[in-house]
Amino acid sequence: QVIKYTLDPIWKPFTVPLVSLCDGDVEKLIKVMCYDYDSDGGHDFIGEFQTSVAKMCEAQDAFPLELECINPKKQKKKKNYKNSGIIIVKSCKITRDFSFLDYILGGCQLMFTVGIDFTASNGNPRDPSSLHYINPMGTNEYLSAIWAVGQIIQDYDSDKMFPALGFGAQLPPDWKVSHEFAINFNPTNPFCSGVEGIVQAYSACLPHIRFYGPTNFSPIVNHVARFAAQATQQEAASQYFILLIITDGVISDMDETRHAVVQASKLPMSIIIVGVGNADFAAMEFLDGDSRVLRSYTGEEAVRDIVQFVPFRDFRNAPKETLAKAVLAELPQQVVQYFKHQNLPPINSEPA
């Protein structure tokens, strides 16, 4: 970091892997050189010193470590030369970085929920042109997405019981529109046993509901967020929630959804959106904060990027492993990032 226009720079804290800094040897001498920045690249040498990680770790807020910057040329020339400035180390700590596998092996459960879009734009499920039409092979794009993602995620969940919710349909007997209903029609127990259970409940519910609208995401995001919020009461890295939304297109409640995602970014939760069919998925790309930070309509920024969007059409002719890989690409780092941010080590971790 370069700090301009001051003779008393205060550098921001930074992290560097111990292996690249000193090959993991805390006693090894490290040479630190300090330069005055010049925009043309001809930086002027101020001075240097040697220290070690062990020495720097002695620094604490109440007892900073002072290190003199020495310019050997000036030292030779001037008899009364003391130094060319002092670098003060305020704090230096060695912390262990845990990986996704450390958390999983430590006993963290991935809690998997599926949200399925039953809006009218999908087409009548009895019509072969519908995205919900189950072809003679027994599949459609919704089922392919559920299989591809679920088969991998179910291995990280010990009880393999997954809530499966639908949205955008009218339900019997009063044909009210619902944006978060259990596809097994059991609101007190929306859990399906394994991916097979989700697939069976999905196929069984299709003839009994009427596709409707609008395409509201926020109720289902908030539904899972309520459970993720309860998990934050625990003092351990024991649960992380994943919501897989499979949808055919444009979101109707974009403001509410943005707000829901920004709030959910503070929780142990990730959202995976798989877009099926050939609709315009610009709104999904917008929620996937890869290119810029997502903000809610109030201007609040997401604490971290928790949405991964994947258009199914890019994977129609690819092996299902490729879809699963793309869908789950960002999940490990999202899990690690959340628990690191909360200062939660894996449950069964050795102290650093």
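Trainee: Which residue stands opposite Lys176 in β8?

Mentor: That partner is Leu171. Before we go on, remember that this is a predicted model, in which local features need pLDDT of at least 70 and side-chain atom pairs count only at pLDDT 80 or more, while totals for chains, interfaces and linings use all residues. Residues are numbered from 1 along each chain as its sequence is written, and side-chain values use heavy atoms, with hydrogens and water left out.

Trainee: How many bridges join β7 to β8?

Mentor: Strands are DSSP runs of E with at least two residues, and helices are runs of H or I with at least four, numbered from the N terminus. Two strands pair if DSSP finds at least two bridges between them. Here, three bridges join β7 (residues 169-171) to β8, and the two run antiparallel. They belong to an open sheet of three strands, ordered β8-β7-β11, with antiparallel pairing. β8 (176-178) and β11 (210-211) are the edge strands; each has a single partner, so one side of each is left without a neighbour in the sheet.

Trainee: Which strands does β12 pair with, and in what sense?

Mentor: β12 pairs with β5 in the parallel sense over eight bridges, and Thr113 has Leu243 as its bridge partner in β12. β12 also pairs with strand β13 (residues 269-275), again in the parallel sense, over seven bridges. There, Ile246 of β12 is matched with Val274 in β13.

Trainee: Is β12 mostly covered or mostly open?

Mentor: Mostly covered: eight of its nine residues are buried (under 20% relative accessible area with a 1.4 Å probe, protein chains only; exposed is over 50%, partly exposed in between). One β12 residue to look at is Tyr240, a contact (heavy atoms within 4.5 Å) of Gln334. Gln334 lies in helix α11 (residues 331-341) and is buried, at 3% relative accessibility. Neighbours within four places aside, Gln334 also touches Ser270, Arg304, Asp305, Ile306 and Val307.

Trainee: What does Ile94 touch?

Mentor: Ile94 sits in the loop between β4 (86-89) and α4 (100-105) and counts as partly exposed, at 46% relative accessibility. Not counting residues up to four places away in sequence, Ile94 touches Leu18, Val26, Val53 and Cys57. Ala54 is 40 residues from Ile94 in sequence, yet their C-alpha atoms are 9.7 Å apart.

Trainee: How many disulfides does the structure hold?

Mentor: Zero, where a disulfide is a pair of cysteine sulfur atoms within 2.5 Å. The sulfur of Cys34 has its closest cysteine sulfur in Cys69, at 4.8 Å, too far for a bond. Cys92 is in no disulfide either; its nearest cysteine sulfur, in Cys57, is 3.8 Å away.

Trainee: What is the volume of the second largest pocket?

Mentor: About 430 Å³. A pocket is an open set of points on a 1 Å grid over the protein atoms alone, for a 1.4 Å probe, with protein on both sides within 12 Å along at least five of seven lines; lining residues have an atom within 4 Å of a point. Points are joined across faces, edges and corners, and the volume is the space filled by probe spheres set on them. Of its 27 lining residues, Pro163, Pro190, Phe191, His223 and Phe227 are closest to the centre. α7 gives the most, with five residues. β12 is one of the elements that supply at least two, as are β5 (109-117) and β6 (161-167).
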